[in-house]
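User: Please take a close look at one part of this structure, a single helix and how it sits in its chain, and then follow the neighbouring elements outward as far as the evidence allows. I would like one connected account rather than a list.

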There are 2 protein chains.
Amino acid sequence: MPQGQPEVVPQDGLTTRQRRNRPLLIVHTGAMKGKSTAAFGLAMRGWNQGWSIAVFQFVKSARWRVGEEAGLLALGRVHEQTGEGGPVEWHKMGSGWSWSRKAGAESDHAADAVEGWREIQRRLAGERHQFYVLDEFTYPMKWGWIDVDEVVDTLRNRPGHQHVVITGRDADPRLVEAADLVVEMTKVKHPMDTGQKGQRGIEW
Amino acid sequence: MPQGQPEVVPQDGLTTRQRRNRPLLIVHTGAMKGKSTAAFGLAMRGWNQGWSIAVFQFVKSARWRVGEEAGLLALGRVHEQTGEGGPVEWHKMGSGWSWSRKAGAESDHAADAVEGWREIQRRLAGERHQFYVLDEFTYPMKWGWIDVDEVVDTLRNRPGHQHVVITGRDADPRLVEAADLVVEMTKVKHPMDTGQKGQRGIEW
């Protein structure tokens with residue numbers, strides 16, 4: 001597929017170069033797998049640009065997405081050792097975020113999710129990274145743990161040049177409205193329909 | 001999203017372990033971007049399993065997907081140096097495949113596509129890799145350069161345990177029928193709609 005040409009030239013007073021370099025808010029939603037995998041593929045592409053990559057996984061299971069985590073962290077080590085690509089950080093909520101985990105502490109998922117979001121807000125304000133993956137971040141919004149309007153406001157007003165990809169089902173319409181690029185992954189056919197269970201290397 | 005449970009237990013005489021380890025034919029289709037990116041994300045996951053990964057890009061432009069190419073090849077070098085993950089090969093058609101490129105030769109895209117497919121057939125027969133990405137492979141089928149029934153027959157009868165991911169728009173119904181997993185990427189919103197051009201690190 002060749003690179004697309006825009007059908008409309010916008011009257012926004014920006015040069016092509018300014019428009020081309022606009023930081024993007026991307027949402028991967030829909031009922032089908034591939035949302036997170038495509039986001040991590042984009043992160044790999046960003047790594048090759050030398051961007052600082054940060055992943056925040058809003059999930060409970062530490063096992064989830066371990067393949068992409070290992071791959072991206074290996075790329076981060078390549079950067080440390082050779083200067084190729086960019087640095088990579090990977091944070092997962094699990095039972096508390098790595099920067100605040102207290103041994104034996106009771107886990108409160110709603111509070112943990114809010115704490116993760118506050119950290120992301122601080123990093124966006126400080127222009128800490130060029131590429132953020134907020135994986136499964138639609139769920140704490142859906143469950144009312146994190147305020148959608150606040151997320152939209154923070155993202156709309158983020159400074160500098162920071163791309164943000166949000167994944168998860170049931171993206172709120174306000175988030176879709178604020179996004180520059182929204183992809184919906186739709187199921188056509190899945191092996192679990194015929195009794196196939198998830199398998200290593202494919203599902204995780 | 002937690003790991004799914006199958007709704008139906010199939011009467012195919014296989015144990016759960018046999019079924020779990022069945023090699024998959026995966027198709028990423030639809031009009032939206034994300035098809036290839038998700039496939040390369042899957043390849044990164046397979047790399048972490050120690051699988052031998054091979055990408056075949058049926059595209060003309062050598063520039064296309066350069067970010068994922070660099071990322072996956074860097075992971076291949078990590079494997080060579082440390083033993084972590086698996087080996088990675090990346091072949092692109094461009095003006096002839098790397099294994100057969102003749103300086104100054106006239107390029108015939110149809111013949112090049114067929115040559116790429118013959119090489120894939122040989123590798124499948126020899127169980128050379130555990131994970132293949134046939135990127136943009138729907139197009140040479142759509143254009144009649146490669147016979148769909150032959151592709152389906154080869155893939156249905158491939159030996160051993162070799163996963164294959166095929167990407168591209170307009171997947172033939174026979175290919176969809178033969179696939180274990182089909183994901184359609186659907187456009188909800190794209191910045192090119194409002195005149196945004198493709199940008200480095202996001203589009204390539």
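Analyst: In this predicted model, 13 of the 14 residues of α2(B) are buried, so the helix is largely enclosed by the rest of the structure. Helix α2 of chain B covers residues 35-48, and at 1.5 Å a residue its 14 residues should span 20 Å; the C-alpha atoms at its ends are 21 Å apart, which agrees with that expectation. Just after α2(B) comes B:G50, whose phi is positive at about 85 degrees.

A comparable enclosure can be described for a strand of chain B. Strand β5 of chain B, residues 163-167, has five of its five residues buried, so this strand too is largely enclosed by the rest of the structure. In a regular strand the side chains alternate between the two faces of the sheet. In β5(B) both faces are covered, with B:H163, B:V165 and B:T167 buried on one side and B:V164 and B:I166 buried on the other.

The partners of this strand can be named as well. Strand β1 of chain B, residues 25-29, runs parallel to β5(B) and is joined to it by four bridges, and within this pairing B:L25 stands opposite B:V164. Strand β4 of chain B, residues 131-135, also pairs with β5(B) in the parallel sense, over four bridges, and here B:F131 stands opposite B:H163.

Chain B also offers a pair of helices to consider. Two packed helices are described by the angle between their axes and the distance between the axes. For helix α4 (residues 109-125) and helix α6 (residues 148-156) of chain B, the axes come within 10 Å and cross at roughly 15 degrees. An angle under 35 degrees counts as roughly parallel, and that makes α4(B) roughly parallel to α6(B). The crossing in which α4(B) passes α6(B) is left-handed.

Turning to chain A, there are seven helices and six strands, and from the N terminus on its elements run α-β-α-β-α-β-α-β-α-α-β-α-β. Of the 204 residues of chain A, 56% count as buried. Strand β4 of chain A, residues 131-135, has five of its five residues buried, so it is largely enclosed by the rest of the structure. On one side of β4(A) the buried residues are A:F131, A:V133 and A:D135, and on the other they are A:Y132 and A:L134, so that both faces are covered.

Strand β2 of chain A, residues 53-57, pairs with β4(A) in the parallel sense over five bridges, whereas four bridges join β4(A) to strand β5 of chain A, residues 163-167, which also runs parallel to it. A:V133 has a place in both pairings: A:V55 stands opposite A:V133 in β4(A), and A:V133 in turn stands opposite A:V165 in β5(A).

A:F56 lies in strand β2 of chain A, and at 0% relative accessibility it counts as buried. The C-alpha atoms of A:F56 and A:E119, which are 63 residues apart along the chain, are separated by 9.8 Å. A:F56 also belongs to one aromatic cluster, formed together with A:F58, A:W97, A:W99, A:W117 and A:F137, in a structure that holds 20 aromatic pairs over all chains.

Note on methods
Residues numbered from 1 in each chain as written. Chains lettered and ligands numbered in written order. Predicted model: local features only at pLDDT ≥ 70, side-chain atom pairs only at ≥ 80, totals over all residues. Heavy atoms only, no water. Phe/Tyr/Trp six-rings, centres within 6.5 Å; stacked < 30°, edge-to-face > 60°. Helix = DSSP H or I, 4+ residues; strand = E, 2+ residues; numbered from the N terminus. Expected span 1.5 Å × (residues − 1). Buried < 20%, exposed > 50% of the residue type's maximum accessible area, 1.4 Å probe, protein only. Pairing = 2+ DSSP bridges. Axes fitted to C-alpha atoms, helices over the stretch in contact; angles between N-to-C directions. Parallel < 35°, antiparallel > 145°, perpendicular 65-115°, else oblique. Left-handed = near helix turned anticlockwise from the far one by under 90°.
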